[in-house]
Structure formats: structure tokens, C-alpha cells
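Please look over the sequence and the structure below before reading on. The paragraphs that follow lead from one loop residue to the helices around it, and then to the protein as a whole.

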Amino acid sequence: MTPASILKNLASRGHIVGPREAAVVAAALAEMRRGGRAVPGVLATGAPGTGKTALGELIAELLGGGFLFAQLHEWSGADELLAGVDAAAAVAGEAASVRRLGILAQAAEMSQRQPTVLVLDEVDKASEAAEALLLDFMQSGRASVAPGRHVVARPGNLLVWATSNEQRPHSEALLRRFRRLRLYPLTRRERIDVIAAQAVVARGVAATLDRLAEYIGEAEGAPSSISERVRCAADLAAVAESSDDIAALAAAWLAREQAGEAAVYSRRGRQLCDAVFAELVMARGGRRAAG
Ligand SMILES: Nc1ncnc2c1ncn2[C@@H]1O[C@H](COP(=O)(O)OP(=O)(O)OP(=O)(O)O)[C@@H](O)[C@H]1O
Ligand SMILES: [Mg+2]
């Protein structure tokens, strides 16, 4: 797949990426096709809500093969990544099913049958020791499941998409094994397109709601994410019958602190809620007239 076709394909799924992201994804897919011993990987970083996880999931969809997902956390370790013990089977004395494959071993196994994308979400939440377990896997596709026993990924059939909020620095060794892709927040225009498409609301509703969200974000010193805006837009399209309802839902989705809530109910905030409601009424009127 060329960068241009990836860009088009993602856009048709409602996901906006630029040429930089498309080039990195195309390169990872090309490495996959070459089928070397190392596992092709992308480490997506960037602020919350910039689409790090969503992009990995979409690439799996694009490839149309197998998909595995693991959200890493403080306690992630060898049992979760390589192989562990199924406590229930152990207690029941079912020797054959006592060993449970960890996510890397499962991915290696799945890649024997079909092209597979493994999303390792929030790698920065795992310990450095857990991160170290990824190193040999990325280099050789080998996951150790018992002393002297490995499951090996099929060359050309596995892609690892890792995400990180960079709450701690990653090891040099990990960084060497992944293409790094930093994702940035969308522009205002792109945001409005995404809100309108994903919440299925008129562009005018999306644009006024986005303005309200920005105003609340300024009061709080931190903007709400695009997914909060999408869900707010979907909620208000479903139930809002007054500007008061818009304010209540804006406070629920777009304000995190009292300062944000105060902004919703300030003079300017109420004007913006009125504007959102006016757009909503217009869109509903238009739909009724069309129907
Ligand atoms: N570029 C984009 N195009 C379209 N939608 C997007 C884009 N970026 C984010 N979104 C929307 O925002 C939602 C949240 O994105 P996602 O959860 O992938 O962000 P994230 O970077 O993984 O955040 P976190 O750091 O909180 O895990 C997506 O499901 C999608 O609806
Ligand atoms: Mg995420």
C-alpha cells in the first residue's frame, strides 16, 4: 500500500492522518511484506486523544487479518506477555491447559495462520522490566513460553503497534526497535469534520459545539479531547430540547473542573450554548422538511 492509498483508506473510515503518518504506516507495512526476521513495529506517541490507539486498530482493519490487543499496566510481566499459569486449570488439575500463552506468544501463534496486528497499548504504564521482554520478540519474533521452548512469529505476518503517553522515558533498546510516530492534535477544521461524521450531526452543530468546547478548555487550561466532543455532540443530538440541556451536557462532557462548569454558565458560555441549540433546531428542521 502506498502512503496515498493509506491516507485515502483511513479517510474513508473517518480517520484523518497527514502524509507523515501515512508514510510511516506504509513503511511498516512494506517491511512486513519483505518478511524479515525482525517484527515490524510502530511506537505511536502524543497527547491523550490524538488517535494513538484508534490508528492501530484501524490498521488491523485495513489488513483484514487477525487482531490482538493488550493494555499494559504496572503489573504487566512475563506471565501476561510470554506465558503464565491458568489458575483455574491448575486447581482443577487439568495439566494440559495449565499453561496459558501470553499476548506475544498468542500473536506469534496467530501469525502462523494469518496476517496479524498486535496492539500493545500504553507501553509506558508497564515497568522497564516488562518493556525489556519485548526486545528479543521484536528482534527475532521469538516468544519464550517455557525453558527452552519458543513460539516464533511467521516472518511477514505480524505487525506490532505500540502506544505510549511517555509518562516515563523508554529504553534506548526499545526505541531502536520501533519506528517512532508522534501524533498531533487535529486542526479546528479537521476536528469539526470528525465530530460531524462520527456523531452524525450537521456541520453547524459540530462547529458551534467545538467553539464551546474550546471556550471551556481555555477556562480550565486544558482542552477536552476529540472523543469527548464527539460523545457530547451525539448526546445532545439525541436528547437536547433546550439551550439548558446543551449547557448540562457540555458541563458533563467538556468540563472537568468547577472552572469549566462556571465557563459553561457564564454569559459567553450561555451565548455559545444558545448558538449550538439554534444550529441543532435548524438541522432538525431541515431533516424534517427533507423527510
Ligand atoms: N486523526 C483522527 N481522525 C479521526 N478521529 C480521531 C483522530 N484522532 C482521534 N480521533 C477520535 O478520538 C478517539 C480517541 O482516540 P484514541 O483513543 O485513539 O486516542 P489516544 O491517543 O489513544 O488517547 P489516550 O492517550 O487517552 O489513550 C478515536 O476513537 C477517534 O474517534
Ligand atoms: Mg489510547
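Which residues does Tyr 265 touch, not counting residues up to four places away in sequence? In this model, which is predicted, Tyr 265 touches Ala 247 and Arg 270 once those sequence neighbours are set aside. The residue itself lies in the loop between α13, which covers 258-264, and α14, which covers 267-290. With 14 other C-beta atoms within 10 Å, Tyr 265 counts as partly exposed, because a residue is called buried at 20 or more such atoms and exposed at 12 or fewer. A further link across the sequence is given by the C-alpha atoms of Tyr 265 and Ala 248, which are separated by 9.3 Å although the two residues are 17 residues apart along the chain.

The helix α12 (residues 243-254) has a partner in α11 (residues 226-239), and the axes of these two helices come within 9 Å and cross at roughly 155°. That angle makes α11 roughly antiparallel to α12, since angles over 145 degrees are classed in this way. The crossing of the pair is right-handed. On the α11 side, the contact is made by Glu 228, Arg 231, Cys 232, Asp 235, Leu 236 and Val 239, while α12 contributes Asp 245, Ile 246, Leu 249, Ala 250, Trp 253 and Leu 254. Sorted by class, the residues in this contact of α11 with α12 are eight nonpolar and four charged, with no polar ones.

How do α10 and α11 lie relative to each other, and which residues meet there? The axes of α10 (residues 203-220) and α11 come within 10 Å and cross at roughly 125°, and the two helices are therefore oblique to each other. Here, too, the crossing is described as right-handed. From α10, the residues Val 205, Ala 206, Leu 209, Asp 210 and Ala 213 meet Arg 229, Cys 232, Ala 233 and Ala 237 of α11. By class, this contact of α10 with α11 has seven nonpolar and two charged residues, and no polar ones. Cys 232 is thus listed in the contact of α11 with α12 and also in that of α11 with α10.

The loop between α10 and α11 holds Pro 223, which is partly exposed, with 18 other C-beta atoms within 10 Å. Leaving aside neighbours within four places in sequence, Pro 223 is in contact with Glu 214 and Gly 217. Pro 223 and Leu 254 are 31 residues apart in sequence, yet their C-alpha atoms are 8.3 Å apart in space; Leu 254 is also one of the α12 residues in the contact with α11.

Elsewhere in the chain, helix α3 (residues 52-63) allows a check on helix length: at 1.5 Å a residue its 12 residues should span 16 Å, and its end C-alpha atoms are 17 Å apart, which agrees. The buried residues of α3 are Lys 52, Leu 55, Gly 56, Leu 58, Ile 59 and Ala 60. After α3 comes Gly 64, whose phi is positive, near 70°.

Taken as a whole, the protein has 14 helices and nine strands, and its C-alpha trace spans about 70 × 45 × 40 Å along the principal axes. Of its 291 residues, 38% count as buried. Among contacts with a separation of 6 or more, 70% are accounted for by residues 24 or more positions apart.

Note on methods: Residues numbered from 1 in each chain as written. Chains lettered and ligands numbered in written order. Predicted model: local features only at pLDDT ≥ 70, side-chain atom pairs only at ≥ 80, totals over all residues. Axes fitted to C-alpha atoms, helices over the stretch in contact; angles between N-to-C directions. Helix = DSSP H or I, 4+ residues; strand = E, 2+ residues; numbered from the N terminus. Parallel < 35°, antiparallel > 145°, perpendicular 65-115°, else oblique. Left-handed = near helix turned anticlockwise from the far one by under 90°. Contact = placed C-beta atoms within 7 Å. Nonpolar A, V, L, I, M, F, W, Y, C, P; charged D, E, K, R; others polar. Expected span 1.5 Å × (residues − 1).
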